[in-house]
Structures are given as structure tokens and as C-alpha cells.
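Work through the exercises below with the model open beside you. Try each task before reading its solution.

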Amino acid sequence: MTTDCLFCRIAAGEIPATVVRETDTTLAFRDIGPKAPVHILVIPKAHYADVATLAQDDPGLAGAVLATAAVVAETEGLLVDGFRLIFNTGEYGGQEVFHAHAHVLGGAPLGPMVAG
Ligand code: 5GP
Ligand code: ZN
């Protein structure tokens with residue numbers, strides 16, 4: 001646990017979040033500043049700085065994050081119309097919180113994949 005990490009603190013229950021799904025190793029909660037009608041973050045409870053580090057160091061846990069994201073997409077009703085799964089990574093990727101997380105976005109057409 002990295003005590004100064006926001007998402008570690010959410011995983012530890014020290015900072016409140018609207019949790020939509022929890023497994024032994026992952027947590028899914030609503031983004032505080034939603035960019036779409038459905039905007040949920042899925043994190044590994046263990047601290048990894050970004051998805052590349054997570055996938056390299058613990059591919060099984062990376063798969064668990066994907067599996068939780070898929071269940072959340074289903075329970076939020078996103079499977080029929082589709083959704084977007086984003087892992088912002090590093091400076092160019094626009095990552096702001098350096099604890100690996102997937103954004104599950106949906107509920108409306110999401111527009112172009114990247115800003116023009
Ligand atoms: P990033 O830019 O790192 O990919 O995404 C970080 C996300 O975390 C942003 O979408 C932001 O709205 C969200 N966020 C930042 N602080 C909090 C918080 O305290 N609670 C929740 N639920 N989301 C947060
Ligand atoms: Zn962390």
C-alpha cells in the first residue's frame with residue numbers, strides 16, 4: 001500500500017467512493033467527474049503505477065481488472081450498444097492518477113477515439 005496514493009486509499013476504504021463491484025483483487029467505482037453517462041474506474045487493489053507495469057509484473061491481475069471491467073459493462077447495460085475501455089498511461093496518455101486503472105465509458109455515443 002502506498003499511503004499517499006489516492007486509489008490505494010480508496011481501495012483501503014480510507015476515502016469514500018461509490019463502489020459498483022468488488023472482488024478479492026479488484027475494485028470498481030464511479031468516477032468523481034464523469035465524462036459519459038456511465039463512467040466507472042476499475043483498479044487492482046494492489047498498487048501498480050500504470051497498466052504497462054501491471055501487465056508486465058502481474059498479467060493475471062491485469063486479466064482480473066479486465067474481467068471486472070467486463071462484468072461492470074454488463075451490469076451497467078453497456079453490452080448491446082457498446083462501450084469504451086481506456087487506460088491512460090503516462091504523460092502523453094494524459095494519466096493523472098498513477099495507480100493503474102481502467103475507465104469504463106458508455107451510455108451514449110463517445111465520439112472520436114482521440115481529440116483531433
Ligand atoms: P486518469 O486521467 O489518471 O486516467 O484518470 C483519473 C480519473 O480519476 C479521472 O477521470 C478523475 O475524474 C478520477 N478521480 C480523481 N479523483 C477521484 C476521487 O477522489 N474519486 C473518484 N471516484 N474518482 C476520482
Ligand atoms: Zn496506489
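**Exercise 1: a salt bridge from a loop**

Lysine 45 is partly exposed, with a relative accessible area of 26%. The model is a predicted one. Task: find which side chain lysine 45 meets in a salt bridge, and state where the two residues lie.

Solution.
- Step 1. Start with the accessibility. Partly exposed runs from 20% to 50%, so lysine 45, at 26%, falls in that class.
- Step 2. Look for a carboxyl oxygen within 4 Å of the side-chain nitrogen. Glutamate 22 supplies the partner, with an N to O distance of 2.7 Å.
- Step 3. Place the pair. Lysine 45 sits in the loop between β3 and α2, while glutamate 22 belongs to strand β1 (residues 19-22). They are 23 residues apart, and the pair links distant parts of the chain.

**Exercise 2: the other salt bridges**

Task: how many salt bridges does the model hold? Describe those of glutamate 14 and glutamate 76.

Solution.
- Step 1. The count comes to 3 salt bridges. The lysine 45 and glutamate 22 pair is one of them.
- Step 2. Glutamate 14 pairs with arginine 9, and their closest N and O atoms are 3.1 Å apart. Glutamate 14 is partly exposed at 44%. Arginine 9 is partly exposed at 33%.
- Step 3. Glutamate 76 pairs with arginine 30, at 3.0 Å between the closest N and O atoms. This pair links distant parts of the chain, 46 residues apart: glutamate 76 is in the loop between α3 (59-75) and β4 (83-86), and arginine 30 is in strand β2 (residues 26-30).
- Step 4. Check exposure again. Glutamate 76 has 23% relative accessibility and counts as partly exposed. Arginine 30 is partly exposed too, at 35%.

**Exercise 3: the zinc site**

Task: name the donors of the zinc ion (ligand 2), and work out why their arrangement is called tetrahedral.

Solution.
- Step 1. List the donors. They are Cys5 (SG), Cys8 (SG), His47 (ND1) and His99 (ND1), at 2.0 to 2.3 Å.
- Step 2. Take the angles. The 4 donor atoms subtend 106 to 117° around the zinc ion (ligand 2). Tetrahedral needs all angles between 85 and 135 degrees, so the arrangement qualifies.
- Step 3. Read the spacing along the chain: C-x2-C-x38-H-x51-H.
- Step 4. Locate one pair of these donors. Cysteine 8 is in helix α1 (residues 6-11), and histidine 47 is in the loop between β3 (38-44) and α2 (51-57). This pair links parts of the chain 39 residues apart.
- Step 5. Compare burial. Cysteine 8 is buried at 3%, whereas histidine 47 is partly exposed at 29%.

**Exercise 4: an acid without a salt bridge**

Task: what does the aspartate 50 side chain contact, given that it is buried yet has no salt bridge?

Solution.
- Step 1. Find aspartate 50 in the loop between β3 and α2.
- Step 2. Seek an opposite charge. The nearest such side chain, lysine 35, is 19 Å away. A salt bridge requires 4 Å or less, so lysine 35 cannot serve.
- Step 3. Seek polar partners. The side chains of aspartate 50 and threonine 53 share a polar contact of 2.8 Å.
- Step 4. Add contacts beyond four places in sequence. Aspartate 50 touches Thr89, Gln95 and Ala100.
- Step 5. Turn to valine 51, in helix α2. Valine 51 is partly exposed at 22%. On the same basis, valine 51 touches Phe87, Thr89 and Ala100.

Notes. Residues numbered from 1 in each chain as written. Chains lettered and ligands numbered in written order. Predicted model: local features only at pLDDT ≥ 70, side-chain atom pairs only at ≥ 80, totals over all residues. Heavy atoms only, no water. Donors = N, O, S within 2.8 Å, 3.2 Å for Na, K, Ca; no water. Tetrahedral: all angles 85-135°; square planar, octahedral: opposite > 155°, others 65-115°. Helix = DSSP H or I, 4+ residues; strand = E, 2+ residues; numbered from the N terminus. Buried < 20%, exposed > 50% of the residue type's maximum accessible area, 1.4 Å probe, protein only. Lys, Arg positive; Asp, Glu negative; His and termini not counted. Polar contact = N/O pair within 3.5 Å; in protein donor to acceptor, adjacent residues only side chain to side chain. Contact = heavy atoms within 4.5 Å.
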